[in-house]
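Q: Could you take a close look at one part of this model for me? I would like to see a single helix in its setting, with the chain around it.

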Amino acid sequence: MLSKVIVLCLGLILAALFGQRTDPDIFLHVKLNSSYDYIIVGAGSAGSVIANRLSEDTNVTVLLVEAGGSELEHDYIPIPLATPLLQQTDIDWSFYTAPQQTALKAMKEQRGYWPRGRVLGGSSSINHMIYVRGSRHDFDQWEKEGVMGWSYEEVLPYFLKIEDMKIEDLVNSAYHSTGGYLPLTKTKATSLPNIYQRAVAELGYKTVDVNGEEMIGYSHIQSNVLRGQRWGTATAYLRPVIGRSNLHISTQSLVTKILIENKIAIGIEMIKNGRKMIFSANKEVVLSAGAVNSPHLLMLSGIGPKEHLEKLKINVHADLPVGENLEDHMFFFMKYKTADELSVSIKSTKSWWNILKYYLTGEGIYSFAGNEGLLFDKSTQGNHSLLYPDYQLQFYSGTSKGNDVPADTGLTFNFNESVLEVAARRSDDNEILIFPMLLHPKSIGSIKLKSRDPFDHPLINPNYLSQQDDVNILIEAVRKVQSIVKTKPFQEIGATLNRLDYEGVCDKEEFDSDAYWECLIRHYSVTAYHPTCTCRIGSTNDQTSVVDTKLRVKGIRSLRIADASVMRHVTSGNTNAPTIMIGEKASDLIRGKDTVSKFRKQIKQLRL
């Protein structure tokens, strides 16, 4: 199987890239103080940003706490093609959902697997590095719902602050910038993007900058990859400043409680090296543990739904809808055999030329994570006045050859053994995959505590596909894929459907009927790794929100949340970029500064 072949072929690359180095983690072994001005819980996509920005002020002290270890201890992290090998390792929280009633029917116990990063950089150290800000209309909708200060016009300057744009065609665009911490490059490792682009053009789609003026259309993938290596927030934001004397980073440190006295967050309790430790926060505690762990820790600390906490005999400090309003993207997948080997396969990963090319130039198949194209569009379902897209297609230039899973190279989705067996028999070296993704689900889930034990993972119930509208939009996205495959560019490569039904699974429904696709969607659709909204943002009087528009936890002083959990609604597209933006904007809110005035001037020329 492809993932094992990748393991065997990475030795030369790893030795060349990492064989000679001093200990860059010496700054992770400093003696910790008993108190800090700011304590940040979680060194992920937002937390790493905030640690960098707060420690720019030399008159304050900052402690960044991470449950996992250093990203440099895992040599596969920098290599994009090795991304699947990071799942279900010690740098992955490896969450599982509760059994689903209306989805995940092809999974063991109908439970979904949720990887989340447990390492410096968080999920930016294990994700697929697709950089999508979201639709401008996402953020304008937040503002319409009372989230003042978070319209597109007001968040765009922070997106600009993030970037160091390396794509030649976009360097001079007013929608982009250079000089930021995060490099952005164009992903292209095979010849397939040309086919994808010509095919959708035949259907009338323009090629657009997905992070520019218009999102609807086809886009080449913008990735936080530089010289062929992953550039997560640990690399981009922490490593350049890790030696600052006012910034301490504590790894392998599990925060078990936020300490609250008289409705004020005064510090944290954590376990490190088997010892319980307490640290005081002189100014604020900032929670950036992610859409699963942030609500988990809040509830353990007595902030959450009163009835739920009282059942577990947890003293309630604030009765808030923590863990509610969970939104996550789901994707389905469609596999197509091709006449020739155009995608990344076992054979191509064995090629010494490909290994040498990556070692010498940072280019080639090892420099990408599989996805090479995106298409965003609006369905005809329900609300025809939608301004933002409600589905996305991801074009994956890789085979599922082998007995891993039918959806992606080496990724784990908790499929039943019978599914894996059929996938192994039907997989092919000459194959591509297209993923229809639901962007704005009406099916809303929740996260609750299983117990008072901080080592118990929470109960995650995404409530997938409980609303028929979600299924209908995915079916329409499937039909769009079928239209694309009928185009001349796809017919020229002999693209034919590699079916997912088999005896006992969707074999009774009429082939290609809506009922057939609904059956497959309810069996095979899985998380797109984008959980959000579990500590959602809202106005002061909004009873559905946990934080106000300045990210302050309602009813508790000196406590903020800044990560994907605060999103009002999940954004259109992959969620890492908006999470980094939240980190940048949160930093200014905490510091009481406006660091993006030059970018505000830049966007005045745009039609917003």
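A: Happy to help; here is a walk from the whole chain to one helix, with a few other spots along the way.

Keep in mind that this is a predicted model. The chain holds 17 helices and 26 strands. Its radius of gyration is 23 Å, close to the 25 Å that the globule rule gives for 608 residues, so the chain is as compact as a globular protein of that length. Along the principal axes, the C-alpha trace spans about 65 × 55 × 55 Å.

Of the 608 residues, 65% are buried. If we take contacts between residues at least 6 apart in sequence, 73% of them join residues at least 24 apart. The accessible surface comes to about 22600 Å², and carbon and sulfur atoms account for 47% of that. As for charge, there are 66 positive and 68 negative ones, and their mean positions lie 4 Å apart.

Now to the helix itself, α15, which runs over residues 514–524. This helix is mostly covered, with eight of its eleven residues buried. The buried set consists of Y516, W517, C519, L520, I521, R522, H523 and Y524. What do these residues pack against? On the strand side, their partners are β17 (330–331), β18 (334–337), β24 (496–498) and β25 (526–527). The helices α12 (417–426) and α13 (468–485) are partners too.

A single buried residue elsewhere makes a useful companion view. A265 belongs to strand β13, residues 264–272. Its relative accessibility is 3%, and because buried means under 20%, A265 counts as buried. Leaving aside neighbours within four places in sequence, A265 is in contact with I258, L259, I260 and V285, and also with I556, R557, S558 and L559. By contrast, N463 lies 198 residues from A265 along the chain, and the C-alpha atoms of the two are separated by 32 Å.

Finally, here is a sheet to look at. Three strands, in the order β5-β6-β8, form an open sheet with mixed pairing. β5 (163–165) and β8 (222–223) stand at the edges with a single partner strand each, so one side of each has no neighbour in the sheet. Strand β6, residues 182–186, pairs with β8 in the antiparallel sense over two bridges. There you can find K186 standing opposite Q222 of β8.

Note on methods
Residues numbered from 1 in each chain as written. Predicted model: local features only at pLDDT ≥ 70, side-chain atom pairs only at ≥ 80, totals over all residues. Heavy atoms only, no water. Helix = DSSP H or I, 4+ residues; strand = E, 2+ residues; numbered from the N terminus. Buried < 20%, exposed > 50% of the residue type's maximum accessible area, 1.4 Å probe, protein only. Contact = heavy atoms within 4.5 Å. Rg over C-alpha atoms; globule rule 2.2 N^0.38 Å. Areas by Shrake-Rupley, 256 points an atom, 1.4 Å probe, with all protein chains shown as cover. Lys, Arg positive; Asp, Glu negative; His and termini not counted. Charge placed at Lys NZ, Arg CZ, Asp CG, Glu CD. Pairing = 2+ DSSP bridges.
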